[in-house]
Amino acid sequence: SYTISSKRQISLVGAYSSYNRNREVYFNDLTIPEKQLAGGDTTFVGSYLLRAWYNRNYPEQKLNYQVGFDGNLETSSGQRIYGGSQQIGDYAGFVSMKYDPTKKITIQPGARYTYNTKYKAPVVYSLNVKYGATENTSVRATYARGFRSPSIKELYLDFVDINHNLHGNPDLKAESSHNVNLNFSYNRETKKAYLSTDLGLFYNYVDNMIWLFQVGNDITTYTYGNISKFISQGIQANATVSYYPRLTLKAGISHVGRKFPDNTADQTDKQFHYSTDLNALATYNFEKYNV
């Protein structure tokens with residue numbers, strides 16, 4: 001990171017990770033002292049990341065922005081990889097703006113243009129609007145477009161051993177999606193206590209979602225495929241209460257529905273199936289014993 005001034009910064013992130021595996025299989029006949037090499041394989045996976053961005057943030061001005069570049073390269077080779085060697089590159093430019101027309105309203109549009117070496121990627125964009133109704137209360141609405149290309153594993157990896165029979169699918173389509181969120185939050189703090197509540201609604205629509213499918217009637221063999229449409233929607237709520245300095249209570253609930261509207265094999269998948277999750281946490285600090 002390099003600070004041009006207190007209100008302007010440039011940041012750069014670079015990363016590399018690799019995985020190398022050499023597997024040898026021996027036939028061991030206990031009547032003779034020598035083991036016989038019966039086969040094996042090698043696998044290499046490499047991942048490269050480069051991201052750079054520029055921030056301009058003047059609190060006294062209504063318009064600020066961030067602009068940057070993002071590059072990802074994934075490579076893999078070995079006997080388990082279709083064709084012996086494959087690679088996929090994903091290179092993008094992005095911009096995000098923050099506009100404050102009033103002290104209570106913040107508008108944040110964003111856009112990302114991507115060049116993918118295997119798939120034609122659309123321009124994805126987002127819009128976030130926040131309204132601070134009071135000092136303690138805010139309402140936020142968000143819309144975002146999404147895109148995800150399949151990974152090398154999903155496209156080209158054949159993973160077969162005594163426990164697995166998993167095959168990549170080079171004909172996979174890329175995912176595209178739409179996401180809508182509406183969130184309400186309330187926070188209040190005094191010298192002795194803190195209260196935070198959060199209520200959110202969401203809706204997701206995904207085209208060509210990548211899924212793991214069983215091959216025929218063989219329950220041990222799987223491959224990746226696309227589901228033409230997937231929809232999820234739900235509501236979630238969380239609350240936190242802290243009584244300084246000893247007691248903190250947290251609780252949450254979510255109610256999520258999912259459906260596959262184009263699944264002709266199972267008509268029940270065309271309807272939403274809902275599940276409910278609950279969570280709770282209590283923490284108490286015994287100050288006298290530091291426990």
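Two strands count as paired if DSSP finds at least two bridges between them, and strands themselves (E, at least two residues) are DSSP runs numbered from the N terminus, as are helices (H or I, at least four). The model is a predicted one, so local features need pLDDT of at least 70 and side-chain atom pairs count only at pLDDT 80 or more, while totals for chains, interfaces and linings use all residues. Residues are numbered from 1 along each chain as its sequence is written, and side-chain values use heavy atoms, with hydrogens and water left out.

Strand S11 (residues 175-189) has antiparallel partners in S8 and S12. With strand S12 (residues 193-214) it forms 14 bridges, one of the bridge pairs being Asn187 with Ser196 in S12. A hairpin of 3 residues links S11 to S12. With strand S8 (residues 137-148), S11 pairs over 12 bridges, again in the antiparallel sense; here Tyr143 is matched with Val180 of S11.

Next comes the inside of the fold. The largest nonpolar core (buried Ala, Val, Leu, Ile, Met, Phe, Trp, Tyr and Cys joined through side-chain atoms within 4.5 Å; buried means under 20% relative accessible area, exposed over 50%, partly exposed in between, with a 1.4 Å probe and protein chains only) has 12 residues, including Ile81, Tyr119, Leu166, Ile210 and Tyr224. Helix H1 (residues 152-156) gives the most to this core, 3 residues. Apart from that core lies another of 5 residues, among them Met209 and Phe260.

Tyr115, for its part, sits in strand S6 (residues 105-116) and counts as partly exposed because its relative accessibility is 49%.
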